[in-house]
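Subject: Model handover

Hello,

Here is the structure for you to look over. My notes on it follow below.

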Amino acid sequence: MLGAEGYVFELERRGYIKAGPYVPEVVLDFPDAVRELHREFLRAGADVMVALTYYAHREKLKTVGRENDLEALNRQALRVANEVAREGDALVAGDICNTWAYDPKNKEASSRVVRAMYEEQLSWAVDEGIDFVIAETNDYLGESLIALQVIKELGLPAMVTLASTRPQQTWDGYDYVDACQILADKGADIVGLNCDRGPATMLPIIERVRRRVSSYVAAQPVPYKTDPAMPTFESLKTASGTRAFPIALEPFLCTRFEMAAYAQRAKALGVNYIGVCCGGAPHYVRAMAEALGRTVPASRYSPAIELHPMIGAHVEEKEKQFLVDWKG
Ligand SMILES: [Zn+2]
């Protein structure tokens, strides 16, 4: 399966979501923008239209004063995802995520709050129609287990992926591989990681997860050049020491070729759901799809650099001046 996410970051770049709160108000305010991005991911080869309900939970909508729009926003996001999925043959995923309400020190009471948020979001998702649920960007194994339980109670397939800024562990102290094993044992159909890490620092963990679990495995890295010294996009710093996250990350972006190579590597490792998270965009997804051997609708406009007038196969004599290297 080829996944495509990064809706929130991409729509922020396009001017429809406010960086900081990152609440997807765009779903109600500019539904055509959401529809168009779904369509672009679909044309790029995405097998799943993920409803843009990331951060569309009660806790987050409260922070921007739109708690009353909660149900309308969720339903609209699901309708738009369904509508575009039918333009191709994509599946539709409901989406729930980290809530910022979970507190391991106050586990019982906070779990009740989290559970109620997941239950209301997923009741609307079931109502509007979904094929499975993605519970993503889980900093805590404990919180992801609540999500899994709610999904399973609804009888739906569950993809649960962890994300944490800690090097080897979730925020509640579980090694990623152990945490994925626990999720698989408790009935998650697909387990893995999303967000935070670029391909270079996510795949080594995913490789260990793949060796351990017998369920399907998902990888949805961010398309940024993380490395062992700066393993997450939150830790990326420029040469002058400024933090790049979250809105000055461009110098660290992977090229489409690097994302294509990541997709091939993930496939070779036995990853079943190969996707992309924050920073993802349609050109990456198309490059990944093509690297996996597919021809997708957007392949009609894939690069043909041999036709470029300056660097193509046939450069006219009068055009050769454009390639003279700059020597000052
Ligand atoms: Zn992300």
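**What I found**

In the protein chain, 72% of the contacts with a separation of 6 or more are between residues 24 or more positions apart. Keep in mind that this is a predicted model.

**Overall form**

The protein chain holds 11 helices and 7 strands. Its C-alpha atoms fill a box of roughly 75 × 40 × 40 Å along the principal axes. The radius of gyration is 20 Å, which agrees with the value near 20 Å for a compact globule of 328 residues. Of those 328 residues, 48% count as buried.

**Core**

The largest nonpolar core has 105 residues. A81, V133, V191, V285 and M288 have the most contacts inside it. Helix α5 (residues 70-85) gives the largest share of this core, with 7 residues. As a general point, nonpolar side chains tend to be buried together in soluble globular proteins.

V285 deserves a look in your viewer. Leaving out residues up to four places away in sequence, V285 touches L2, A4, F41, A44, G45, A46, V276 and G280.

**Strand β6 and its partners**

Start with strand β6, residues 216-220. It is mostly covered, with 4 of its 5 residues buried.

Strand β5 (residues 190-194) runs parallel to β6, and 5 bridges join the two. One pair to display is G192 with its bridge partner A218 in β6. Helix α9 (residues 199-212) completes a right-handed β-α-β unit with β5 and β6.

Strand β7 (residues 273-274) also pairs with β6 in the parallel sense, over 2 bridges. Here A219 has I274 in β7 as its bridge partner. A right-handed β-α-β unit is made by β6, helix α10 (residues 256-269) and β7. So β6 takes part in the unit with α9 and in the unit with α10.

**Backbone points to check**

Most residues other than glycine have a negative phi, and most peptide bonds are trans. The next three items are worth checking against that.

- C195 has a positive phi, near 65°, and is not a glycine. It is found in the loop between β5 and α9. C195 is buried, because 28 other C-beta atoms lie within 10 Å and the cut-off is 20 or more.
- D196 also has a positive phi near 65°, again in a residue other than glycine. Its place is in the loop between β5 and α9. D196 counts as buried, with 26 C-beta neighbours inside 10 Å.
- The peptide bond from F245 to P246 is cis, with omega near -5°. P246 has its place in the loop between β6 and α10.

**Helix α6**

One last residue: is E119 buried or partly exposed? E119 counts as partly exposed, because it has 14 C-beta neighbours inside 10 Å. That number falls between the limits of 12 or fewer for exposed and 20 or more for buried. E119 is found in helix α6, residues 107-128. Q149 is 30 residues from E119 in sequence, and the two are 10 Å apart in space, C-alpha to C-alpha.

Best wishes

Notes: Residues are numbered from 1 along each chain as its sequence is written. This is a predicted model: local features need pLDDT of at least 70, side-chain atom pairs count only at pLDDT 80 or more; totals for chains, interfaces and linings use all residues. Two strands pair if DSSP finds at least two bridges between them. A crossover is right-handed if, with the strands pointing away from the viewer, the path from the first strand over the helix to the second runs clockwise. A nonpolar core is a set of buried Ala, Val, Leu, Ile, Met, Phe, Trp, Tyr and Cys residues joined through C-beta atoms within 7 Å. Two residues are in contact if their C-beta atoms, placed from the backbone, lie within 7 Å. The radius of gyration is taken over C-alpha atoms; the globule rule is 2.2 Å times the number of residues to the power 0.38.
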